[in-house]
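Here is a walk through the model, taken a piece at a time. We start with how far to trust the coordinates, then turn to side-chain pairs and backbone oddities.

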Amino acid sequence: MTGPPPADGGSGTAARRRGRPPRTESAGTRERILTAARDEFSERGYEKTSVRAIAKSAGVDSALVHHYFGTKEQVFEAAVTQSFGPALQAPKAIEEGPLDGVGERLTRFFFGVWENPATRAPLLAIVRSALTNDTAAAVFRRIVATQVLRRIAVRLELPDAELRAELAAAQLVGTAILRYVIKVEPLASADPEQVIARLAPVVQGHLTDP
């Protein structure tokens, strides 16, 4: 007399652990979770966003979010890294020519990222969370410091290189917040070329002036 068929429908393979997709689905699932996380952080801010809400938005179990990323802070850090990806190429702007033109190259690159709707939307989501929560701000600061500012400082090879890079970044990020997040006029609607023309010499001064 035979017993009931295995719970997996007769294959004899143990049922997949709860919350874990097949390997073929992993990449797409992870991307879907990150997209949902970015949207939730943008709409609700870091403090009011929960792992459960992210999971619901992504159409997965909360256990799967923890499986891929761990804590909410780690989900946020992964979302920041993904969203900030284009901006992480900023150090390369220094390598493309002599230091006497680095201010314009870096400024033009930075605003090129922000002016592109496809790259601006995820950046806005992350920056808004970083502005309203200390934990989110710490994650954002850590990524910017390690992946952008220090890489720029190394390429400068000048005294006080890290301070110079931070001052240049403060000029650029501060302008971006006023223009794209707070939308202060007339800066918010000013022609990008006008903004670049006025800002680039200041950035150049921070990076290379004695």
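Residues 5-24 are the stretch to treat with care: pLDDT stays under 50 there, and the model has 14 contacts beyond four places in sequence for this segment. Keep in mind that this is a predicted model. The mean pLDDT of the protein chain is 81, with 85% of the residues at 70 or more. Among the parts of the chain, helix α10 (residues 192-208) comes out with the highest confidence, at a mean of 95, while helix α5 (residues 92-95) has the lowest, at 71.

**Salt bridges**

How many salt bridges does the structure hold? The count is five. Side chains of opposite charge can pair when their charged atoms come close. Three of these pairs are set out here, with the distance between the closest N and O atoms.

| Pair | N to O distance |
|---|---|
| Arg-44 and Glu-40 | 2.6 Å |
| Arg-142 and Glu-77 | 2.7 Å |
| Glu-104 and Arg-108 | 3.3 Å |

Take Arg-44 and Glu-40 to begin with. Both sit in helix α1 (residues 23-48), and because they are four residues apart, about one helical turn separates them. Their surroundings are another matter: Arg-44 is partly exposed at 43% relative accessibility, whereas Glu-40 is buried at 8%.

The bridge between Arg-142 and Glu-77 links distant parts of the chain, with Arg-142 in helix α8 (residues 134-156) and Glu-77 in helix α4 (residues 72-83), 65 residues apart. Here each partner is partly exposed: Arg-142 has a relative accessible area of 36%, and Glu-77 has 26%.

Glu-104 and Arg-108 go back to the within-helix pattern, lying four residues apart in helix α6 (residues 102-115), about one turn of the helix. Glu-104 is partly exposed at 43%, and Arg-108 is partly exposed too, at 34%. There's a further partner to look at, since Glu-104, Arg-108 and Glu-193 are linked in a network of salt bridges.

Glu-104 also turns up in the contacts of Gln-204, a residue of helix α10. Which residues does Gln-204 touch, leaving aside its neighbours within four places in sequence? They are Leu-99, Asp-100, Gly-101, Val-102, Gly-103, Glu-104 and Asp-209. Is Gln-204 buried or exposed? With a relative accessible area of 13%, Gln-204 falls under the 20% cut-off, so it counts as buried.

**Rings**

A search of the whole structure turns up eight aromatic pairs. One of them joins Tyr-46 and Phe-76 edge-to-face, 5.2 Å centre to centre with 85 degrees between the planes. Tyr-46 belongs to helix α1 and Phe-76 to helix α4, so this pair ties together parts that are 30 residues apart in sequence. Both Tyr-46 and Phe-76 are buried.

Another pair, Phe-111 with Tyr-180, is tilted, at 6.4 Å centre to centre and 40 degrees between the planes. Phe-111 is in helix α6 and Tyr-180 in helix α9 (residues 161-181), so the parts tied together here are 69 residues apart in sequence. Phe-111 and Tyr-180 are both buried as well. Ring pairs also link Phe-110, Phe-111, Trp-114 and Tyr-180 into a cluster.

Back at Tyr-46, a charge comes into play: Lys-72 lies over the face of that ring, 4.4 Å from its centre.

**Backbone details**

Most residues other than glycine have a negative phi, and most peptide bonds are trans. Where does this chain depart from that?

Glu-185 and Pro-186 are joined by a cis peptide bond, with omega about 5 degrees. Pro-186 is in the loop between α9 and α10. That loop is also the place of Lys-183, a non-glycine residue whose phi is positive, near 60 degrees. Lys-183 counts as exposed, at 54% relative accessibility.

Asp-160 has a positive phi as well, near 55 degrees, again in a residue other than glycine. Asp-160 is located in the loop between α8 and α9. At 56% relative accessibility, Asp-160 counts as exposed.

Definitions and conventions. Residues are numbered from 1 along each chain as its sequence is written. This is a predicted model: local features need pLDDT of at least 70, side-chain atom pairs count only at pLDDT 80 or more; totals for chains, interfaces and linings use all residues. Side-chain values use heavy atoms; hydrogens and water are left out. pLDDT is the predictor's confidence in each residue, from 0 to 100. Helices (H or I, at least four residues) and strands (E, at least two) are DSSP runs, numbered from the N terminus. Contact means heavy atoms within 4.5 Å. Buried means under 20% relative accessible area, exposed over 50%, partly exposed in between (1.4 Å probe, protein chains only). A salt bridge is a side-chain nitrogen of Lys or Arg within 4 Å of a carboxyl oxygen of Asp or Glu. Rings of Phe, Tyr and Trp (its six-membered ring) pair if their centres lie within 6.5 Å; planes under 30 degrees apart count as stacked, over 60 as edge-to-face and the rest as tilted. A charge sits over a ring if NZ of Lys or CZ of Arg is within 6 Å of the ring centre and within 35 degrees of the ring normal.
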